[in-house]
Amino acid sequence: EIASIESHPYDHLSQAEQQGVGALGLDAEIWDCFVNHYESYDRKDQVRIGVFDHVESLNKSMSKRWKDLTDNEKDSANQLCYFEESWDGKSLADW
(Lines give C-alpha, C1' and ligand atoms only; values in the text may rest on other atoms or scores of the structure.)
Protein backbone atom coordinates (compact mmCIF):
# COMPACT_ATOMS: atom_id res chain seq x y z
CA GLU A 1 0.00 0.00 0.00
CA ILE A 2 1.24 3.48 -0.86
CA ALA A 3 1.48 6.14 1.82
CA SER A 4 -0.30 9.41 1.01
CA ILE A 5 2.98 11.32 1.27
CA GLU A 6 4.20 9.47 -1.82
CA SER A 7 1.60 11.23 -3.97
CA HIS A 8 3.27 14.61 -3.41
CA PRO A 9 6.27 16.05 -5.21
CA TYR A 10 9.24 16.81 -3.00
CA ASP A 11 8.71 20.57 -3.10
CA HIS A 12 5.19 20.13 -1.68
CA LEU A 13 6.40 18.22 1.37
CA SER A 14 6.55 20.08 4.65
CA GLN A 15 9.94 21.01 6.04
CA ALA A 16 9.64 18.19 8.59
CA GLU A 17 8.77 15.71 5.84
CA GLN A 18 11.71 16.88 3.73
CA GLN A 19 14.00 16.45 6.72
CA GLY A 20 12.65 12.94 7.29
CA VAL A 21 13.09 12.07 3.63
CA GLY A 22 16.61 13.50 3.78
CA ALA A 23 17.41 11.36 6.82
CA LEU A 24 16.61 8.37 4.60
CA GLY A 25 19.18 9.59 2.09
CA LEU A 26 16.67 10.86 -0.45
CA ASP A 27 16.88 14.23 -2.16
CA ALA A 28 14.32 15.98 -4.37
CA GLU A 29 15.44 14.27 -7.58
CA ILE A 30 15.38 10.79 -6.07
CA TRP A 31 12.04 11.40 -4.34
CA ASP A 32 10.28 12.75 -7.41
CA CYS A 33 11.50 9.94 -9.65
CA PHE A 34 11.78 6.79 -7.53
CA VAL A 35 8.97 7.51 -5.05
CA ASN A 36 6.53 9.78 -6.88
CA HIS A 37 7.45 8.76 -10.47
CA TYR A 38 6.50 12.33 -11.51
CA GLU A 39 2.82 11.37 -11.14
CA SER A 40 1.97 14.56 -9.26
CA TYR A 41 3.59 16.80 -11.86
CA ASP A 42 1.30 18.56 -14.31
CA ARG A 43 1.87 18.25 -18.05
CA LYS A 44 3.84 21.50 -18.26
CA ASP A 45 6.30 20.33 -15.62
CA GLN A 46 6.55 16.86 -17.14
CA VAL A 47 7.44 18.48 -20.48
CA ARG A 48 9.93 20.82 -18.80
CA ILE A 49 11.87 17.99 -17.18
CA GLY A 50 11.61 15.69 -20.20
CA VAL A 51 9.37 12.89 -18.95
CA PHE A 52 6.04 13.75 -20.58
CA ASP A 53 6.48 11.40 -23.56
CA HIS A 54 7.28 8.53 -21.19
CA VAL A 55 4.22 9.26 -19.05
CA GLU A 56 2.02 9.45 -22.13
CA SER A 57 3.38 6.21 -23.57
CA LEU A 58 2.44 4.38 -20.37
CA ASN A 59 -1.06 5.78 -19.84
CA LYS A 60 -2.71 2.68 -21.31
CA SER A 61 -0.17 0.27 -19.83
CA MET A 62 -0.47 0.96 -16.12
CA SER A 63 -2.62 -2.13 -15.52
CA LYS A 64 -0.14 -4.47 -17.22
CA ARG A 65 2.34 -6.58 -15.29
CA TRP A 66 6.02 -5.89 -15.99
CA LYS A 67 6.42 -9.14 -17.93
CA ASP A 68 3.63 -8.02 -20.29
CA LEU A 69 5.15 -4.63 -21.13
CA THR A 70 6.79 -4.13 -24.49
CA ASP A 71 10.47 -3.19 -24.58
CA ASN A 72 9.48 0.42 -25.37
CA GLU A 73 7.08 0.48 -22.42
CA LYS A 74 9.79 -0.91 -20.14
CA ASP A 75 12.17 1.78 -21.35
CA SER A 76 9.60 4.47 -20.57
CA ALA A 77 8.94 2.91 -17.17
CA ASN A 78 12.69 2.91 -16.46
CA GLN A 79 12.85 6.61 -17.36
CA LEU A 80 10.22 7.18 -14.67
CA CYS A 81 12.35 5.16 -12.21
CA TYR A 82 10.19 2.08 -12.27
CA PHE A 83 11.69 -1.39 -12.35
CA GLU A 84 9.95 -4.74 -12.22
CA GLU A 85 9.32 -4.85 -8.47
CA SER A 86 8.08 -1.27 -8.16
CA TRP A 87 5.99 -1.49 -11.34
CA ASP A 88 4.28 -4.64 -10.14
CA GLY A 89 3.68 -3.09 -6.71
CA LYS A 90 5.63 -5.70 -4.77
CA SER A 91 6.12 -5.05 -1.09
CA LEU A 92 9.66 -4.10 -0.11
CA ALA A 93 9.64 -7.13 2.15
CA ASP A 94 9.30 -9.33 -0.96
CA TRP A 95 12.22 -7.86 -2.91
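**View 1. Glycine 22, a partly exposed residue in helix α1.** With a relative accessibility of 40%, glycine 22 counts as partly exposed, because that class lies between the under 20% of buried residues and the over 50% of exposed ones. Please keep in mind, here and in every view that follows, that this is a predicted model. Glycine 22 sits in helix α1, which covers residues 15–23. Now look for serine 91: 69 residues separate it from glycine 22 in sequence, and in space the two C-alpha atoms are 22 Å apart.

**View 2. The whole protein, a chain of helices.** How many helices and strands can you find in the protein? There are six helices and zero strands, so reading from the N terminus the order is α-α-α-α-α-α. The radius of gyration is 14 Å, close to the 12 Å that the globule rule gives for 95 residues, so the protein is as compact as a globular protein of that length. Along the principal axes, the C-alpha trace spans about 40 × 35 × 20 Å. Of the 95 residues, 29% are buried. Among contacts with a separation of 6 or more, 35% come from residues 24 or more positions apart.

**View 3. The surface and the charges.** About 6600 Å² of the protein is exposed, and carbon and sulfur atoms supply 47% of that area. The protein has 9 positive and 20 negative charges. If you take the mean position of each group, the two points are 8 Å apart.

**View 4. Histidine 37 and tyrosine 38 in the loop between α2 and α3.** Histidine 37 has its place in the loop that links α2 (28–35) to α3 (43–49), and tyrosine 38 is found in the loop between α2 and α3 too. Is histidine 37 buried or exposed? Its relative accessibility is 9%, so histidine 37 counts as buried. Tyrosine 38 is buried as well, with a relative accessible area of 11%. Take a look at the backbone here: histidine 37 is not a glycine, yet it has a positive phi of about 55°. Tyrosine 38, also not a glycine, has a positive phi of about 60°.

**View 5. Helix α5 and its buried face.** Helix α5 runs through residues 71–79, and Glu73, Ser76 and Ala77 are buried in it. Seen down the axis of α5, these buried residues fall within an arc of 100°, so they line one face of the helix. Which helices do the buried residues of α5 pack against? They pack against α4 (52–58) and α6 (84–87). On the face turned away from the buried side, you will find the exposed residues Asp71 and Asn72. Just after α5 comes cysteine 81, with a positive phi of about 65°.

**View 6. Histidine 54 and its contacts.** This view moves to helix α4, where histidine 54 lies. Histidine 54 has 18% relative accessibility and so counts as buried, because the cut-off for buried is under 20%. Which residues does histidine 54 touch, leaving aside its neighbours within four places in sequence? Its contacts are Asp75, Ser76, Gln79 and Leu80. You have met Ser76 already, as one of the buried residues of α5.

Technical notes: Residues numbered from 1 in each chain as written. Predicted model: local features only at pLDDT ≥ 70, side-chain atom pairs only at ≥ 80, totals over all residues. Heavy atoms only, no water. Buried < 20%, exposed > 50% of the residue type's maximum accessible area, 1.4 Å probe, protein only. Helix = DSSP H or I, 4+ residues; strand = E, 2+ residues; numbered from the N terminus. Arc of directions from axis to C-beta. Contact = heavy atoms within 4.5 Å. Rg over C-alpha atoms; globule rule 2.2 N^0.38 Å. Areas by Shrake-Rupley, 256 points an atom, 1.4 Å probe, with all protein chains shown as cover. Lys, Arg positive; Asp, Glu negative; His and termini not counted. Charge placed at Lys NZ, Arg CZ, Asp CG, Glu CD.
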